[in-house]
Amino acid sequence: MAINLQKGQRINLEKSNGSKLQNICVGINWGAIEKKGWFGGTSKEAVDLDASCALYDDNKNLLEIVYFGKLRSIDGSIAHSGDDLTGDMGGDDGLDNEIITVDFARLNPSCSYVAFVLNSFQGHDFGTIPFASIRIYEGTPSRVNEVFATFDIANGSSFAGHVSMVMGVFYKKNNEWKFNAIGEPTKDRKLEQTVSTVTNQYL
């Protein structure tokens, strides 16, 4: 498929061989913040980013939220890898700190929208978090087949000064899944507020 989306772009989830993409992962990678001490030394301050996923029906009614406090959807089609409370303390290890997986084949037929959001739990400004980035790809948590959307939060000037964002929305149209790469920061502080923003602006 070899698509690297910029924010605002939409794609069909169809691979080059004509088959439909069934398993996707949303991975978040970030580091702890380096703090300078009084006497020239440095220390690391833990950063807790939270990836979450909100499911809606065709009438845009919220069905459920998968997040660090609820790691699986009711039907088992969506799974969260668990809450990373610190970020990479020893520098970028190249691995995602939190991953949400979606199996579209198992998704409840009543679900028509799957929206992904990111929040900084303790209010760390996105612009201060080392190598914070998002990748949305086909595959599993241990195997990346094809990356089709990336967002460079750490180096994206639009994310500085914000602590929440809408990553993107998968949506069903004519019984086929498509993806809208939103990549927009919001003024929200908490997950519930960010989900409300999705409901009101991005479905």
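**Salt bridges and burial**

Visitor: Why is Asp96 called buried?
Guide: Asp96 has a relative accessible area of 16%, and buried means under 20%, exposed over 50% and partly exposed in between, with a 1.4 Å probe and protein chains only, so Asp96 counts as buried. The model is predicted, so that local features need pLDDT of at least 70 and side-chain atom pairs count only at pLDDT 80 or more, while totals for chains, interfaces and linings use all residues. Residues are numbered from 1 along each chain as its sequence is written, and side-chain values use heavy atoms, with hydrogens and water left out.

Visitor: What makes Arg135 and Asp96 a salt bridge?
Guide: The closest N and O atoms of the two residues are 3.0 Å apart, and because a salt bridge requires a side-chain nitrogen of Lys or Arg within 4 Å of a carboxyl oxygen of Asp or Glu, the pair qualifies. Arg135 belongs to strand 10 (residues 133-140), whereas Asp96 sits in the loop between strand 7 (78-80) and strand 8 (98-103), so the contact ties together parts 39 residues apart in sequence; strands here are DSSP runs of E with at least two residues, numbered from the N terminus.

Visitor: Why is Arg135 called partly exposed?
Guide: Its relative accessibility is 25%, a value between the limits for buried and exposed, and therefore Arg135 is partly exposed.

Visitor: How do you know that Glu64 is buried?
Guide: Glu64 has 11% relative accessibility, which places this residue in the buried class. Glu64 forms a salt bridge with Lys70, with 2.3 Å between the closest N and O atoms.

Conventions
Helix = DSSP H or I, 4+ residues; strand = E, 2+ residues; numbered from the N terminus.
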